[in-house]
Amino acid sequence: ELATAIQANGAKAALQLFHGGRQSQSSIIGTQPVSASEVFCKLTRETPRALTIEEIQDVIEAFAEGARRTKAAGFDAVEIHGAHGYLINQFLSPLTNKRTDKYGGDVKNRARFLLEILELTRDKVGNDYPILCRINGDDYIEGGLTLEETKEIAQTLQAAGVDALHISGGIYDSPVPVTTGPMALPRGHMAHLAAGIKQVVNVPVIAVGRINDPELGEKILQEGKADLISMGRALLADPDLPKKVANGALDDIRRCTACDECIARLFFNEGVACSVNAALGREEEYKIRKAKVSKRVLIAGGGPAGMEAARVSALRGHEVVLYEKENRLGGQLNLAVVPPYKEEMKSVAPYLEYQIRKLGVKVVLGEEVTPLLVDEIKPNVLFIATGSVPTIPEILGVQRDQVVTAHDLLAGRASVKERVVVIGGGMVGAETAEFLAEEGKRVTILEMLRRIGMDMVPMAIQMLYQRLKKLGVAMITNARVQEITEHGVVYEKDGEKRTVETDSVVLAAGSKPNITLIKALEGKVAKIYAIGDAKETGNVLEAIHEASKMAREI
């Protein structure tokens with residue numbers, strides 16, 4: 001059924017087969033993970049047991065049988081996944097393969113497991129059925145596979161009859177999370193690996209790695225670095241991306257921001273979700289249907305929640321008008337893109353603005369929604385998307401002149417001196433600290449929890465933490481701020497009072513919903529819905545999902 005659905009409109013369908021090996025969790029699979037050798041896995045915090053020769057033969061048979069079933073199910077090709085630290089990569093890599101039998105040692109022996117899988121697979125699927133293979137161009141970890149070794153492996157795979165090579169990189173133990181490609185990594189950051197392999201083989205080579213932009217994909221092809229482009233998260237964000245590219249509708253593409261929310265949820269055994277595409281994984285449930293009765297919809301606030309509510313409401317046939325008190329749309333997205341390495345977030349607001357204007361939504365900038373305006377417009381439905389306001393913690397001295405909020409700082413409404421203490425080490429505080437450190441400020445983060453970035457996906461905080469350390473930012477956790485004095489910040493840690501000398505203090509201790517308009521309009525409109533941060537403070541994903549859900553229900 002899956003193969004038929006993919007092929008219905010002319011696409012080709014390939015199925016990817018993999019075995020997690022030591023990157024599986026015993027709590028999930030119900031037994032101790034297996035691998036080439038007994039090498040501890042930092043991801044799972046477990047040590048696998050080494051496969052016996054007999055078990056290796058069983059796994060080879062299982063891969064080949066999986067490929068046979070793939071063909072029988074109607075798929076056009078099969079891809080054997082030998083990258084990303086999964087079982088096949090564990091045999092290929094000297095980091096995880098310490099065997100002394102015929103499956104360990106030099107490159108030839110370490111590749112034997114994969115070659116035997118390919119050989120038996122070919123026997124089962126026939127000579128005319130495409131077999132693709134995904135391998136790491138580089139493991140991005142000391143002691144792992146390098147590009148030079150992978151070139152040798154690639155030539156061996158070509159000789160064994162593989163039809164295409166899909167070149168990726170990294171394992172989950174790698175110090176830089178290249179496998180999941182957070183937004184701090186540049187677009188196309190692994191294209192050079194594909195280019196390196198393409199130099200030594202004569203089969204099609206597939207490039208992957210943060211290619212969310214069709215222009216970048218085309219550039220990689222034109223430069224001869226690869227023959228095919230692989231997009232994963234880009235198609236989660238916008239499943240119609242290929243169709244839009246073919247039609248030249250590039251402005252209609254909903255671009256992946258590489259926020260890694262989709263991947264992070266898998267690590268916590270949660271369902272997949274996308275920050276910018278609320279319908280992902282819920283396509284039938286979230287299918288936009290025309291409303292039975294067209295309503296007059298007023299939206300207060302032009303951030304991500306307000307614009308998504310406007311987009312969905314307009315698609316359903318409602319008459320929509322959106323007011324934004326600032327002179328541009330975007331709301332807190334305009335602050336989120338200020339810190340370093342947040343460039344990908346810049347695509348969200350322009351996409352939503354383009355969509356609502358194309359749909360005929362009336363957009364009024366520089367004017368705030370008031371009870372008087374509501375009386376004048378007389379909407380059937382009012383969405384309040386006025387966002388949040390910074391929480392001002394109850395700290396002695398918090399009203400001093402040297403204290404500013406992260407919101408005001410990122411908006412350019414406030415400035416700081418050379419020595420800065422940031423109170424709060426969540427995403428806003430940590431990113432603001434990096435922003436200041438990049439400007440040459442001496443920064444200290446005071447965070448009351450056990451570590452910074454507790455509200456961030458693991459891949460993003462992993463890289464941000466490394467950058468903060470490199471910039472010399474002091475990160476003090478389990479710290480409870482007690483007082484802001486003229487020349488410093490007093491905090492308690494481990495039952496002891498300490499002081500950080502500082503010239504300026506930045507508050508990043510969270511936000512709370514802006515409920516001013518909600519209170520003013522109680523009882524004045526039949527249907528009022530608070531969405532996004534105006535309902536409950538959260539991230540872009542939560543704002544867009546809440547707005548999309550509510551707009552489908554009016």
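Helix α18 passes helix α19 in a left-handed crossing. This is a predicted model, and that helix pair is a handy way into it. The two helices, with α19 covering residues 458-471, pack at an angle of about 35°, and their axes sit 10 Å apart. On the α18 side, the contact is made by A430, E431, A433, E434, A437 and E438, while α19 brings in L464, R467, L468 and L471. Sort the residues of this contact by character and you get six nonpolar, no polar and four charged.

**The sheet next to α18**

So what does α18 pack on besides α19? Start with the sheet itself: five strands, open, in the order β14-β21-β15-β16-β17, with parallel pairing. The edge strands are β14 (403-405) and β17 (474-476), each of which pairs on one side only. On average, neighbouring strands here are turned by 20° against each other, if you ignore direction. Helix α18 (residues 427-438) packs on this sheet and touches β15 (419-423), β16 (442-446) and β21. Its direction makes about 170° with that of β16.

As background, strands of a sheet pair through backbone hydrogen bonds, either parallel or antiparallel. Here are three of the pairings in this sheet:

| Strand pair | Sense | Bridges |
|---|---|---|
| β14 and β21 | parallel | three |
| β15 and β16 | parallel | five |
| β15 and β21 | parallel | four |

A few residue pairs help you find the register by eye. T405 stands opposite L507 in β21, and I423 stands opposite L507 as well. Over towards β16, R419 stands opposite R442. Strand β21 itself takes in residues 504-507.

How enclosed is β15? Four of its five residues are buried, so the strand is largely enclosed by the rest of the structure. Strand β15 also takes part in a right-handed β-α-β unit, together with α18 and β16.

**Three residues to click on**

Away from the sheet, try A547, which is found in helix α21 (residues 540-553). Is A547 buried or exposed? Its relative accessible area is 0%, and because buried means under 20%, A547 counts as buried. Leaving out neighbours within four places in sequence, A547 is in contact with A305, E308, A309 and I531. There's also G532, 15 residues away along the chain, with a C-alpha to C-alpha separation of 6.6 Å from A547.

Next comes K151, which lies in helix α7 (residues 147-159). Is this lysine buried or exposed? With a relative accessibility of 15%, K151 counts as buried. Skipping residues up to four places away in sequence, K151 touches G196, I197, Q199 and V200.

Finally, look at E38, found in the loop between β2 (34-35) and β3 (49-50). Its relative accessibility is 57%, and because the exposed class starts over 50%, E38 counts as exposed. What does E38 touch, once residues up to four places away in sequence are set aside? The contacts are T47, P48, R49 and A50. For a long-range reference, E38 and P242 are 204 residues apart in sequence and 43 Å apart in space, C-alpha to C-alpha.

Key
Residues numbered from 1 in each chain as written. Predicted model: local features only at pLDDT ≥ 70, side-chain atom pairs only at ≥ 80, totals over all residues. Heavy atoms only, no water. Pairing = 2+ DSSP bridges. Axes fitted to C-alpha atoms, helices over the stretch in contact; angles between N-to-C directions. Contact = heavy atoms within 4.5 Å. Buried < 20%, exposed > 50% of the residue type's maximum accessible area, 1.4 Å probe, protein only. Left-handed = near helix turned anticlockwise from the far one by under 90°. Nonpolar A, V, L, I, M, F, W, Y, C, P; charged D, E, K, R; others polar. Right-handed = clockwise from strand over helix to strand, strands pointing away.
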